[in-house]
Amino acid sequence: MDMQVAKKKLGLKEKYQVMTRDLDWTPTYQKMEDIYPYVQYEGIKIHDWDRWEDPFRLTMDAYWKYQAEKEKKLYAIIDAYAQNNGHLNVTDARYINTVKLFLTGVSPLEYMAHRGFAHVGRAFPGPGPRVACLMQSLDEMRHFQTQVHAISNYNKYYNGFHDFRKWHDRVWYLSVPKSFFDDAITAGPFEFIVAIGFSFEYVLTNLLFVPFVSGAAYNGDMGTMAYGFSAQSDEARHMTLGLEVIKFILEQDPANLPIVQRWIDKWTWRGYRVLTLVAMMMDYMLPKRTMSWKEAWEIYFEENGGALFRDLARYGIRMPKCAETIAFEKDHLSHQAWCTFYNYTAATAFHTWLPNEDEMQWLSAKYPDSFDKYYRPRFDFWREQAAKGNRFYNTTLPMLCQTCQVPLFFTEPGDPTKICYRETDYKGMKYHFCSDHCKEIFEHEPEKYVQAWLPVHQIYQGNCFPEGTDPTAEGFDPLKAVLQWYNIIHGRDNLDFEGSEDQRNFAAWRAQATRNV
Amino acid sequence: MQIDLRTVTIKPLRQTFDHIARYLGTDKPVSRYLEGSLGIQPKDVFHYRPTWDPEHEIFDVRRTKIRMKDWDALKDPRQFYYGAYTSARARQQDTAEANFDFVESRGLVETLPEDVRQAAVALLVPLRHVAWGANMNNAAVCAYAYGGMTAQAAIYQSMDQLGIAQYLTRIGLLLGDVESLAAGKQAWTNDPVWQPLRRYVEDSFVVKDPFELHTVQNLVLDGLLYPLVYDTIIDQIFAARGGAAIAMLTQFMTQWSAETRKWVDATMKAIVAESEENRTVVQDWVDAWLPRAKEALLPVAAIAVSEQAPALLDEVMEGFAQRLAKIGLSA
Amino acid sequence: MSTVFIALQTNEETRPIIEAIVEDNPHARVNEAPAMVKIDADGRLVVKRSSIEERLGRDFDLQELHINLISLSGNIEEDEDQMILAWKN
């Protein structure tokens, strides 16, 4: 038998070709549009799915091998961290609040990404993108679970973690990330992958993970650092998928350009609004700062994103038009957000505090054009008031943006002393927005955004009290009832860090670990 | 020697997350499987309806005819969370790699009787496409089923099937060459022998109910296909005809089907045990698809075992009927 | 010219990889962040299998990079022997 001689060795690309897209065939017993019913209605024209360039050519055997190796390393660190009470090695207990924000705000999105990528993977008739999307769906399950498993140990010892699943669905500020992802997954498959694969994963994810994870490492949180970096190693694959998707869609038909450009404009802005929470975390919540939000934005968006958009210029893609607004806001975003959360900390599942003098000096140095002029005086004033026993808690519910659902606290482009309000009328109702960008997003798809479940509206409509609550009863305390419905335990999960149970326990446990008491 | 290990003991405030404690009725430490799987899918407060399916919420019980009081009852007895899943598959792929190496390095393909080699290529190569269809169907189960338990296991099943399609491709390249893959695809799309099976697979692509799809693909089709092709034709008949090397190359599939059957049976059993209505719904699905699967597999088995095929298929059907009976269904 | 980058975890496995990348890309700049090394380069960055193998003293599959990879930017071209990150502008 001379079969051996005739056999040619396949290169990486050819091998991957027979291992993935060659598995597909053109069906004849059922119509394509019945098997793939979701790929027409967005107006994206794909003429030849075979032109798809595979980003990373990972077959399942290699995938299992490398991912299992990553998991083994990761869980060894998570176990050791728990066994050694690693949480007592973080710089100071305020740091733990960043982890709360992550579990309640980000981890549930990883879960949604798992389901969303399964959906678009099934929806695309092209075998190349299908395999990449399904692999990402599997990865996202990993991210969700490793985060839950790593943070589980924090939940045992600290407040603000215990009902994260419910909080993500119900709590006012968490509706910002939740509605972001609901928006993406309810869009068509092409928009979803541009939104998440490109705008979020490629353009913005470095801003979420790298500073957050470096911040964890810098603040002694090895558990978070381990899952963060481990997740990032998958992100590199996901980012590359995001970039390939854009190039593929644009190369298929010139008519796709305006649609894609609008999605990039929309989703860069939507994603950026969600990152408000990250900005505030970087500048205010990490006891040891790695870099400021502004610096991170400059490196990861202006520099890297700039290179990306110059590269895409050959397809006619331009920088998202919100970039200018964001460039203005970068001096203000984190400060305005933290001030707002300081006001509303009675209704949050994490603690807030006023920056101390050292921290304010750092903020002045990082934000020479804005901090001393606009924000330091506020902190000084609040500190003075608190010292007099007048700690200010805002109990009036804020107006929320109909699109991004962030309270209207952002200021006018060009005037950081004036809150930015926009509104529009639709079918006899008035809708409010934080910015021109959010207003424009609404106006393009009003039927979608009128559906939004706005937490403040819902509270006022009486939908956020425990069953059987009588709001007309004497002495009815709406905030208390809302917190009960949220299952945020008043006095434990919320309010100032100063005087919190977390602060007391951490101090006592650390003393037990380091001294003979 | 006595080792006195002193560590700092601090008392936890709680043992697990509230949604898990509420489900179990007690706050106690739970396995990583449960902690990463129970109640993970959002159930309410969806902001927008899918533009691709405006009749439903993002996750909606009305996508299926099955009714469950507790969707988390559809647990995976293998307790696969991502870490456990990849670790299990990495071990299996290690063995598979060693098996491929062994067959290749000892030149075992050259020692195969030519008729067995040809029959194996003719049988196994087109099955790449069946596995690819199963990858797609399980992606749909993951995307549209209600409940995190089912969705999670379905993405594992989906990617397992992609892995199987890739192992079958390697087997095709090892027992044949690139042209064998092309010939296999040609047979899959044109040869009358494969058309009933291809029709079954393509018809399953338009099934909308995710639990019907689970039944059609994971219970019925794979429930017959794997015992017939891998356990019977390859492990018994080919092995007896001097083709034991082929059984080494398909060991992954044999073990995999024995393992995943536990998940399929546990979920089907829980669904059927829930109510008489559920049982009737699933029984109707089985009644509609099982005869088609049987009919489709008969000519496929004949490729390898010619006139023995009907008897072998009857034997497999007998085993499958027993399996259905344990679930609470009938053949 | 636009910058591309690759970021890797800092550990025993990546030490020879980073050395190889630095040697193969004299124009690259190495930035060490906590637990991470980020290598920036103008225009183009190449990761060569042979250079890594030389330092490791064993066969290396470029896909092993995934285990310790944190992030990257640029268009990717990958074959058995090298991975190139580049911007086309």
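## Chain C: burial and overall form

Of the 89 residues in chain C, 37% are buried, a figure that, like every other value in this report, refers to a predicted model. The secondary structure of this chain consists of two helices and seven strands, and the elements follow one another from the N terminus in the order β-α-β-β-β-α-β-β-β. The radius of gyration of chain C, 12 Å, is close to the 12 Å that the globule rule gives for 89 residues, so the chain is as compact as a globular protein of that length.

Along the principal axes, the C-alpha atoms of chain C fill a box of roughly 35 × 30 × 20 Å. Among the contacts in chain C with a separation of 6 or more, 64% are between residues 24 or more positions apart.

## The sheet of chain C and the helices on it

Chain C contains an open sheet of four strands, arranged in the order β2-β3-β1-β5 with antiparallel pairing. Its edge strands are β2 (29–33) and β5 (69–72) of chain C, each of which pairs on one side only, and the twist from one strand to the next averages 15 degrees. Within this sheet, strand β1 (residues 3–9) of chain C runs antiparallel to strand β3 (residues 36–42) of chain C and is joined to it by seven bridges; Val4(C) stands opposite Ala41(C), a residue of β3(C).

Two helices, from two chains, are placed against these strands. Helix α11 (residues 222–252) of chain A lies across β1 and β5 of chain C, and runs at about 45 degrees to β5(C). Helix α1 (residues 14–24) of chain C packs on the sheet and touches β1, β2 and β3 of chain C, with a direction that makes about 160 degrees with that of β1(C).

## Chain A as a whole

Chain A has 23 helices and four strands. Its radius of gyration is 24 Å, close to the 24 Å expected from the globule rule for 517 residues, so chain A is as compact as a globular protein of that length. The C-alpha atoms of chain A occupy a box of roughly 90 × 65 × 50 Å, taken along the principal axes.

Of the 517 residues of chain A, 56% count as buried. When contacts in chain A between residues at least 6 apart in sequence are considered, 76% of them join residues at least 24 apart.

## How the chains meet

Two pairs of chains are in contact, and of these chains A and B share the most contacts, whereas chain B and chain C do not touch, their nearest C-alpha atoms being 14 Å apart. Between the first two chains, 66 residues of chain A are in contact with 65 residues of chain B. Several helices of chain A each supply at least two residues of the side that touches chain B, among them α4 (60–83), α6 (107–123) and α23 (501–514). The largest share of that side, 13 residues, comes from α7(A). By residue class, the side of chain A that touches chain B divides into 29 nonpolar, 18 polar and 19 charged residues.

## Nonpolar cores

In soluble globular proteins, nonpolar side chains tend to be buried together. The largest nonpolar core in this model has 280 residues, and those with the most contacts inside it are Val194(A), Leu228(B) and Leu297(B). Leaving aside residues up to four places away in sequence, Leu228(B) touches Ile233(B), Leu297(B), Ala301(B), Leu312(B), Leu313(B) and Val316(B). A second core, separate from the largest, has five residues, including Leu363(A), Tyr367(A), Tyr375(A) and Phe379(A).

Notes
Residues are numbered from 1 along each chain as its sequence is written. Chains are lettered from A and ligands numbered from 1 in the order in which they are written. This is a predicted model: local features need pLDDT of at least 70, side-chain atom pairs count only at pLDDT 80 or more; totals for chains, interfaces and linings use all residues. Two residues are in contact if their C-beta atoms, placed from the backbone, lie within 7 Å. Ala, Val, Leu, Ile, Met, Phe, Trp, Tyr, Cys and Pro count as nonpolar, Asp, Glu, Lys and Arg as charged, and the others, Gly among them, as polar. Two strands pair if DSSP finds at least two bridges between them. Axes are lines fitted to C-alpha atoms, for helices over the stretch in contact, and angles run from 0 to 180 degrees between N-to-C directions. A nonpolar core is a set of buried Ala, Val, Leu, Ile, Met, Phe, Trp, Tyr and Cys residues joined through C-beta atoms within 7 Å. A residue is buried if 20 or more other C-beta atoms lie within 10 Å of its own, exposed if 12 or fewer, and partly exposed in between; C-beta atoms are placed from the backbone. The radius of gyration is taken over C-alpha atoms; the globule rule is 2.2 Å times the number of residues to the power 0.38.
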